[in-house]
Amino acid sequence: MKDKVLIREYRSQDKGLILNLFRLNVPKYFSPDEEKDLINFLDREIEYYFVMEFENRIIGSGGFNFSGDEANGKISWDILDPDFQGRSLGSLLLKYRIEKLKGFKSLKIISVRTSQLVYPFYEKSGFKLVGQVKDYWAEGFDLYSMEYVFPGGQKNLNFEK
């Protein structure tokens, strides 16, 4: 199945389909209160955002943004159709973005802010927990701040050697 998946840049006409994917994941992975944040992100905050298609159907999305100096690449808004979860497609989309981020010379850290419900996925993908805040996203949805550990064990990139 992975060989039949297409990852492409997000287009504004994808917004309704992304919101539908979000709603399919409420309340299991997202609070309904987060929808307004996703809309704001899609309308005003996107830097790099991608959709995953299978047989001309959008089945997932995810992106990344930067801190002001592009030293911290922040994984953002991972959403996958529940019918396609558990098939390594989320991992495929995450690896795609990590490789894109590695192309930025100023990058030192790749981080993600997620919840206690999803942090095991990121942990399996090479991220380490660096902080937690209870009920951050909404009641029952805690913030888990994580950073990617690059192969070879280094926590962060360091291009200044």
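Which residue in strand 4 is the bridge partner of asparagine 65? Keep that in mind while you get the view set up; note that this is a predicted model.

**Stop 1: strands 3 and 4**

Select 57-66 for strand 3 and 72-80 for strand 4. The two pair in the antiparallel sense, over six bridges. Now pick asparagine 65 and look across to strand 4: its bridge partner there is lysine 74. Next, follow the chain through the hairpin, where five residues sit between the strands. Pause on glutamate 70, which takes a positive phi near 60 degrees.

**Stop 2: over to strand 5**

Keep strand 4 on screen and add strand 5, residues 109-114. This pair runs in the parallel sense, with four bridges. To find one of the contacts, click isoleucine 75 and look for valine 112, its bridge partner in strand 5. Now show helix 3 (89-102) as well. The chain goes from strand 4 through helix 3 to strand 5, making a right-handed β-α-β crossover.

**Stop 3: the largest pocket**

Leave those elements visible and turn on a pocket surface. The largest pocket has a volume of about 1,200 Å³. Its lining takes in 41 residues. For a quick way in, select Phe30, Trp77, Asp78, Thr114 and Tyr122, the lining residues nearest the centre of the pocket.

Who contributes to this wall? Strand 4 gives the most, with seven residues. Helix 2, strand 3, helix 3, strand 5 and helix 4 (119-124) each supply at least two. Colour the lining by residue class and you should get 17 nonpolar, 14 polar and ten charged residues.

**Stop 4: helix 2**

Helix 2 is 35-45, one of the elements that supply the pocket lining. Select Glu35, Leu38, Phe41 and Leu42, which are its buried residues. Look down the helix axis: these residues fall within an arc of 120 degrees, so they line one face of the helix. As a reminder of the geometry, an α-helix has 3.6 residues a turn, so residues three or four places apart point the same way. Now spin to the face turned away from the buried side and you'll meet the exposed residues Lys36 and Arg44.

**Stop 5: the hairpin of strands 6 and 7**

Finish with residues 127-138 (strand 6) and 141-148 (strand 7), paired in the antiparallel sense over seven bridges. Alanine 138 has phenylalanine 141 in strand 7 as its bridge partner. Two residues lie between the strands of this hairpin. Which residue in the turn has a positive phi? Click glycine 140: its phi is about 85 degrees.

Notes:
Residues are numbered from 1 along each chain as its sequence is written. This is a predicted model: local features need pLDDT of at least 70, side-chain atom pairs count only at pLDDT 80 or more; totals for chains, interfaces and linings use all residues. Side-chain values use heavy atoms; hydrogens and water are left out. On a 1 Å grid over the protein atoms alone, a cavity is a set of points where a 1.4 Å probe fits but cannot get out, and a pocket is an open set with protein on both sides within 12 Å along at least five of seven lines; lining residues have an atom within 4 Å of a point. Grid points are joined across faces, edges and corners, and a volume is the space filled by probe spheres set on the points. Ala, Val, Leu, Ile, Met, Phe, Trp, Tyr, Cys and Pro count as nonpolar, Asp, Glu, Lys and Arg as charged, and the others, Gly among them, as polar. Two strands pair if DSSP finds at least two bridges between them. A crossover is right-handed if, with the strands pointing away from the viewer, the path from the first strand over the helix to the second runs clockwise. Buried means under 20% relative accessible area, exposed over 50%, partly exposed in between (1.4 Å probe, protein chains only). The arc is that of the directions from the helix axis to the C-beta atoms.
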